[in-house]
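Reader: Please take me through the terms used for this structure and show me where they come from.

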Amino acid sequence: MPEGPSVRKFHHLVSPFVGQEVVKTGGSSKKLNPASFQSLWLQDTQVHGKKLFLRFDPDEEFGSLGNISLPESLEKGERKEEASDQKQASGPSSQKISHPSSQSLELVAPRGDHGLERLRGDTPAEGAERWLQVSFGLFGSIWVNEFSRAKKANKRGDWRDPIPRLVLYFGGGGFLAFYNCQMSWSSSPVVRPTSDILSEKFDRGQALEALGQEQPVCYTLLDQRYFSGLGNIIKNEALYRAGIHPLSLGSLLSPQHLEALVDHAVEFSADWLQGKFQGKQQHTQIYQKEQCPGGHRVMKEAFGPPGGFQRLTWWCPQCQPRLPPDGQAQVQIS
Ligand SMILES: [Zn+2]
């Protein structure tokens, strides 16, 4: 699934729609009835780790956002198109698909992540569950004012465009299309910015303490309780840049090593996020590489806690020597 920086970018794309009313809906989601979003107001959006949250209320009064100016079309209450069935909504002929100056971006999810959580819930309970929680799948994305198009034909030779799970048309004239994501209603986002690697409130002390546990650091880095938003790409890159073998036990690493690891995780994530806003691809040094920048041959293996999710891990045995050499034996015994 997309890592923290991608989800932050989605959050950035959605933010301009806060304060607007949903005037038409579409999408293939069976779990959430897309039509149930009709006439709801998007009142807030938050990002926490790898999850995006959108708050919907039945009318604008609920929001305490004082300075939202409504588009004129809403003030007149006019509605050009009838709320329609899902098919029509996902491809209205009156709407040009391509806008040369469109701000929409396809954000391709990094490969290799597949830890979708099971989500529950279907419709918002009265007065309570107004936060739509969105978790993105492997190729999850949000498009703005544009639909994702097929990039190649399927086996039969048909060009089938991806089908959005949810499409929300807003009073201001724009729309959002959500692809490959799981959505559910919840009462409130779990707000723990202290564990979000991209939050200003990220708690380094807590992160260092977690990393210092007697377990391989490559497991701890993916623990969303301490490193929310950190995924497999960031894990591999931070370990390489810090010169730490993925299976090193945190308890055997020096405080300087642990500090360096946290620094590289945060720095790589921040650079990635910044690059996204500049339309740049994030450059990786070790992830999915055959050689490290030093020209050494890179190793690849799946590592994960016993009985847990095993994740492909790339490392350079020369740049990331194992310290101490018998660390692995201890891991296996415990
Ligand atoms: Zn190397």
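The questions below go through a zinc site, two kinds of strand pairing and a helix crossing.

Author: This is a predicted model, in which local features need pLDDT of at least 70, side-chain atom pairs count only at pLDDT 80 or more, and totals for chains, interfaces and linings use all residues. Residues are numbered from 1 along each chain as its sequence is written, and side-chain values use heavy atoms, with hydrogens and water left out.

Reader: Which residues are the protein donors of the zinc ion?

Author: They are Cys292 (SG), His296 (ND1), Cys316 (SG) and Cys319 (SG), at 2.1 to 2.2 Å from the zinc ion. Donors are N, O and S atoms within 2.8 Å of the metal (3.2 Å for Na, K and Ca). Along the chain their spacing reads C-x3-H-x19-C-x2-C.

Reader: What makes the arrangement around the zinc ion tetrahedral?

Author: Four donors count as tetrahedral if all angles lie between 85 and 135 degrees. Here the four donor atoms subtend angles of 98 to 121°, so the arrangement is tetrahedral.

Reader: Why is Cys292 called buried, and why is Cys319 called partly exposed?

Author: Buried means under 20% relative accessible area, exposed over 50%, and partly exposed in between (1.4 Å probe, protein chains only). Cys292 has 4% relative accessibility, so it counts as buried. Cys319 has 26%, so it counts as partly exposed.

Reader: Why is strand β8 described as largely enclosed by the rest of the structure?

Author: Strand β8 covers residues 311-315, and four of its five residues are buried, so the description fits. Strands are DSSP runs of E with at least two residues, and helices are runs of H or I with at least four, numbered from the N terminus.

Reader: How do you know that β7 is joined to β8?

Author: Two strands pair if DSSP finds at least two bridges between them. Strand β7 (residues 299-303) has five bridges to β8, and the two run antiparallel. In this pairing Ala302 stands opposite Leu312.

Reader: What makes β1 and β2 edge strands?

Author: Six strands form an open, antiparallel sheet in the order β1-β5-β6-β4-β3-β2. The strands β1 (22-26) and β2 (41-48) each pair on one side only. For β2, the antiparallel pairing with β3 (residues 51-57) has seven bridges.

Reader: Why is helix α4 called oblique to α7?

Author: Helix α4 (residues 204-211) packs against α7 at an angle of about 120°, with the axes 10 Å apart. Angles under 35 degrees count as roughly parallel, over 145 as roughly antiparallel, 65 to 115 as roughly perpendicular and the rest as oblique. The angle therefore makes α4 oblique to α7.

Technical notes:
Tetrahedral: all angles 85-135°; square planar, octahedral: opposite > 155°, others 65-115°. Axes fitted to C-alpha atoms, helices over the stretch in contact; angles between N-to-C directions.
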